[in-house]
Amino acid sequence: MIDAQVTFYDRDSIQDMTWPGTADAKYARAYLEPMMKHGTMEYMSNVSTTLLLVCMDELVLPVTVNEEEYDNAYVCSPYTHYVTYAKQELSMLQRPMLEKGLSLLLGVLGWGMKKAKINKVVHVNNWLLSTNLYPAMTGEQAVRILEAVKQRYPQHTVIFRSLSARLHSEMIAKLQSAGCRSIPSRQIYLYQASDPSFGNAKSRWLLKRDKALLDKHGYELVSDAEMTEADIPRIVELYRMLYLDKYSYDNPQFNERFIAAARTNGSLRIYGLRQQGRLDAVMGYFCRNGMMTTPLFGYDTDIPQSVGLYRMLSACLLEQARDNGVLLHESAGAAQFKRNRGAEADFEYSAVYDRHLPLHRRWYWALLDQLLNRIGVPLMRRMKL
């Protein structure tokens, strides 16, 4: 029986929705309503999905529904996440023979996963970003939403992304009790920047040195209020140079319309580093439920690394987290850099429900469960990736 208090809205019925008066609901409306009206690809060039809202107990969460879309960004595509993107990251192991063997294994698994319809999924609380922050919600509420989603979409795997033991232990436990698997996705880094005792003497010295580079190289930290529409193409370019060109085009590909909307509706607080009128680095963050994350981050990679744009921007980001009094979720990547500056590592998981599906659809999740929990996580811990 579907919970009568769990309601779904799509692009045709959203006009009938009564929006709660909470800060989270106001944020959701500003960020999600334009995407529901115009489609996600108008804002992120490689994110194709059906976007809905699920409402319960004044919670408003985005839900994305997919069928195949194997070329999608990893935020909607388990195939992209666990096969395509994973292949690209094998070079981080710096062990050629192991990389070759794992690449072959991923190729075979990918073929099987397509046969098993791995991308026939519904993601709950999917903001289409690298990190999905959760509003204040209980494990019981998550299970109620899970039950409603699996009844509405009986042929789809149901996934809650971006769960970590440190931040969501109660939710993970409840979802596991309801039959979800916990599938590892990546190692993340957290900064308790609001804690006066955060880090150690070395990390504080490094951060102070990083921030001093602004004066050394003549950079000024500017806010969105000090930017203009003329800066939007440059913001997109800086994000592309780092997140797409350097890392992977399987990351969400934000376009100028996304940045313009974020500036208009306030869904991201945008800051940049400007020198002699030119914007050379940019970051955009948002806060929810005592946490902060930065889906928009980029800098001019043609400028010599010795200038330290990444170090400057990271120091400014930590300062913003400290000023906002929140825990900073720094996502994955640049592991040693973040550890040296006081970040604490944790693992992020996806809670995956597939028990309602036939066996030929479930085997790949069972295999990922074993491979990643028994081999992948220990390997990543040992190599501190």
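Let's start with the core. In this predicted model, the largest nonpolar core has 84 residues. The residues with the most contacts inside it are Tyr-31, Met-44, Leu-53, Phe-258, Leu-273 and Leu-296. Which helix gives the largest share of this core? Helix α7, residues 232-247, with 9 residues. Now, where does this core lie? Both domain 1 (7-186 + 349-383) and domain 2 (190-344) give residues to it, so the core lies between them.

Take Met-44 as a close-up. Leave out residues up to four places away in sequence, and Met-44 still touches Tyr-31, Met-35, Trp-127, Leu-128 and Leu-129, among others. Its contacts also include Pro-252, Gln-253, Phe-254, Asn-255 and Phe-258. There is a second, separate core too. That one has 28 residues, including Leu-61, Val-63, Ala-148 and Val-149.

On to the sheet. It is open, with 12 strands and mixed pairing. Reading across, the order is β1-β2-β3-β4-β5-β12-β6-β11-β10-β9-β8-β7. The edges are β1 (7-9) and β7 (220-223), each pairing on one side only. On average, neighbouring strands are turned by 30° against each other, direction ignored.

One pair in detail. Strand β2, residues 50-56, runs antiparallel to strand β3, residues 59-65, over 7 bridges. Thr-50 has Val-65 in β3 as its bridge partner.

Last, what packs on the sheet? Helix α5, residues 165-177. Helix α5 touches β5 (157-164), β6 (181-191), β10 (291-299), β11 (327-329) and β12 (344-353). The direction of α5 makes about 150° with that of β5.

Key:
Residues are numbered from 1 along each chain as its sequence is written. This is a predicted model: local features need pLDDT of at least 70, side-chain atom pairs count only at pLDDT 80 or more; totals for chains, interfaces and linings use all residues. Side-chain values use heavy atoms; hydrogens and water are left out. A nonpolar core is a set of buried Ala, Val, Leu, Ile, Met, Phe, Trp, Tyr and Cys residues joined through side-chain atoms within 4.5 Å. Buried means under 20% relative accessible area, exposed over 50%, partly exposed in between (1.4 Å probe, protein chains only). Helices (H or I, at least four residues) and strands (E, at least two) are DSSP runs, numbered from the N terminus. Domain bounds come from an automatic or database domain assignment. Contact means heavy atoms within 4.5 Å. Two strands pair if DSSP finds at least two bridges between them. Axes are lines fitted to C-alpha atoms, for helices over the stretch in contact, and angles run from 0 to 180 degrees between N-to-C directions.
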